[in-house]
Amino acid sequence: METHTSGFGSGFGFGFGSGFLDDPEKPLPPPPPPPSVEVLPSQVSSNVEYNVEPVDLDGLTLLKGRVSTKQVFGLSNSDLIPGKYEGGLKLWEGSLDLVKTLSSEIQSGQLSLTGKRVLELGCGHGLPGIFACLKGAGAVHFQDFNAEVLQCLTIPNVDANIQKNLSATGDSNSAEVRFFASDWNEAHLILPHVPADDSGTISGQTQAAGYDIILMAETVYSISTLPSLYKLIKKCLRSPHGVVYLAAKKHYFGVGGGSRRFISIVEKDGVLAASLVSEVTDGSSNVREVWKLHFR
Ligand SMILES: C[S@@+](CC[C@H](N)C(=O)[O-])C[C@H]1O[C@@H](n2cnc3c(N)ncnc32)[C@H](O)[C@@H]1O
């Protein structure tokens, strides 16, 4: 099983829209984000090869698909092109940390997913959201920057895991499962249950709507996207009992983001409180963390 373990410094490509070749003094603005769309399960891609393999998560086995970045985007496997392709085809370590943490939170009675409305932001493979489906969530919505990631990877992954669970347990999944491609700047316009006003505040409407649980892994690497991601979370999270679980590296060397940088935005704003749930130190300098956010 292959997960993407490096920091972002070596993995970044600057092939599109950097403007460095045009005029080093005046870099071009980033390309416009892809359009915000709901991707239907029937829009699953049949043109890209999808191979499935098991992932062992401390005794729980989930399935993960593998597709070629070259086939989907015409890029080599190490490329991540800001504003164009944001790394969703790789399985990042944080998503495995997040599933393990959710599992131990359930075991210790800190968390129940049964009947909950769950949103996974920056889903890629979607393993945390898939885990929520298997643990009885009422609705699980998956968001990724790229529709291609949802079509070629997330949807087949959700199907494979639900099918496996059906064969093993006879349980059919009853969660409402939906898929949304959008930049975080615009995602509130297409996510159901989320008020489309642009205030970014916790409104009365949000209290009756929104999501009970927001999951995200390895989404806080780029400093420039942290404010829009935080604003989106505040729009989406159901008050007063909504909870966010965030898995990330403490720092992303070379790009400047990280869990601590994001948590400092959260703490400065003061609406949500943050607590560290788990820390993974595997001997490298890149410590990984899982944080939990809830309303003060
Ligand atoms: C490093 S990948 C992590 C994928 C997956 N969560 C995992 O851990 O394997 C970052 C994810 O965040 C999403 N993402 C990054 N920047 C984004 C943005 N500005 N708007 C929306 N999604 C974004 C990408 O689609 C991508 O799936």
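Biologist: What is the relative accessible area of Ser 45?
Modeller: Ser 45 sits in the loop between strand 1 (37–39) and strand 2. Helices (H or I, at least four residues) and strands (E, at least two) are DSSP runs, numbered from the N terminus. Buried means under 20% relative accessible area, exposed over 50%, and partly exposed in between, with a 1.4 Å probe and protein chains only. Ser 45 counts as partly exposed because its relative accessible area is 23%.

Biologist: What kind of model is this, and which pLDDT do local features need?
Modeller: Residues are numbered from 1 along each chain as its sequence is written, and side-chain values use heavy atoms, leaving out hydrogens and water. The model is predicted; totals for chains, interfaces and linings use all residues, side-chain atom pairs count only at pLDDT 80 or more, and local features need pLDDT of at least 70.

Biologist: How far is Ser 45 from Pro 156, C-alpha to C-alpha?
Modeller: In sequence, Ser 45 and Pro 156 are 111 residues apart. In space, their C-alpha atoms are separated by 8.7 Å.

Biologist: And Pro 32, how far is its C-alpha from that of Asp 183?
Modeller: Pro 32 belongs to the segment before strand 1. Pro 32 is exposed, because its relative accessibility is 69%. Along the sequence, 151 residues separate Pro 32 from Asp 183. Their C-alpha distance is 9.7 Å.

Biologist: Which residue in strand 3 is the bridge partner of Val 55?
Modeller: Strand 2 (residues 51–57) runs antiparallel to strand 3 (residues 60–66), with 7 bridges. Two strands pair if DSSP finds at least two bridges between them. Glu 53 faces Lys 64 in strand 3. Val 55 has as its partner Leu 62.

Biologist: Which residue of the hairpin of strand 2 and strand 3 takes a positive phi?
Modeller: That hairpin has 2 residues between its strands. The residue in question is exposed, because its relative accessible area is 66%. Its phi is about 50°, although it is not a glycine. The name is Asp 58.

Biologist: Is Glu 218 buried or exposed?
Modeller: Glu 218 lies in the loop between strand 7 (213–217) and helix 6. Glu 218 is not a glycine, yet has a positive phi of about 55°. Its relative accessible area is 6%, so Glu 218 is buried.

Biologist: How many aromatic pairs are there?
Modeller: Rings of Phe, Tyr and Trp (its six-membered ring) pair if their centres lie within 6.5 Å; planes under 30 degrees apart are stacked, over 60 edge-to-face, and the rest tilted. By this rule the count is 4.

Biologist: What is the angle between the planes of Phe 73 and Tyr 85?
Modeller: This aromatic pair is tilted. Its centres are 4.6 Å apart. The angle between the planes is 35°.

Biologist: How many residues apart are Phe 73 and Tyr 85?
Modeller: Phe 73 is in helix 1 (residues 69–73), and Tyr 85 is in the loop between helix 1 and helix 2 (93–107). Phe 73 is partly exposed at 21%, whereas Tyr 85 is buried at 0% relative accessibility. Their separation in residues is 12.

Biologist: How does the pair of Tyr 230 and Phe 262 count, and what is its centre-to-centre distance?
Modeller: Tyr 230 and Phe 262 form an edge-to-face pair, with 80° between the planes and a centre-to-centre distance of 6.1 Å. Tyr 230 is in helix 6 (residues 226–236) and Phe 262 in helix 7 (residues 259–269), so the pair ties together parts 32 residues apart in sequence. Both residues are buried. To restate, the pair is edge-to-face, at 6.1 Å.

Biologist: How many residues of helix 6 are buried?
Modeller: The buried residues of helix 6 include Leu 226, Leu 229, Ile 233 and Cys 236. The helix is largely enclosed by the rest of the structure, because the buried count, out of 11 residues, is 9.

Biologist: Which peptide bond is cis, with omega near 5°?
Modeller: Its proline lies in the loop between helix 6 and strand 8 (243–249). The cis bond runs from Ser 239 to Pro 240.

Biologist: How many residues surround the ligand?
Modeller: A residue is near a molecule if one of its heavy atoms lies within 4 Å of it. The closest are Trp 92, Gly 122, Asp 144, Phe 145 and Ala 217. The count of surrounding residues is 21.

Biologist: How much of the ligand's accessible area does the protein cover?
Modeller: A ligand oxygen is 2.6 Å from a side-chain N or O atom of Asp 144, and a ligand nitrogen is 3.0 Å from a polar backbone atom of Trp 184. On its own, the ligand has 580 Å² of accessible area, by the Shrake-Rupley method with a 1.4 Å probe. The covered share is 99%.

How values were computed. Polar contact = N/O pair within 3.5 Å; in protein donor to acceptor, adjacent residues only side chain to side chain.
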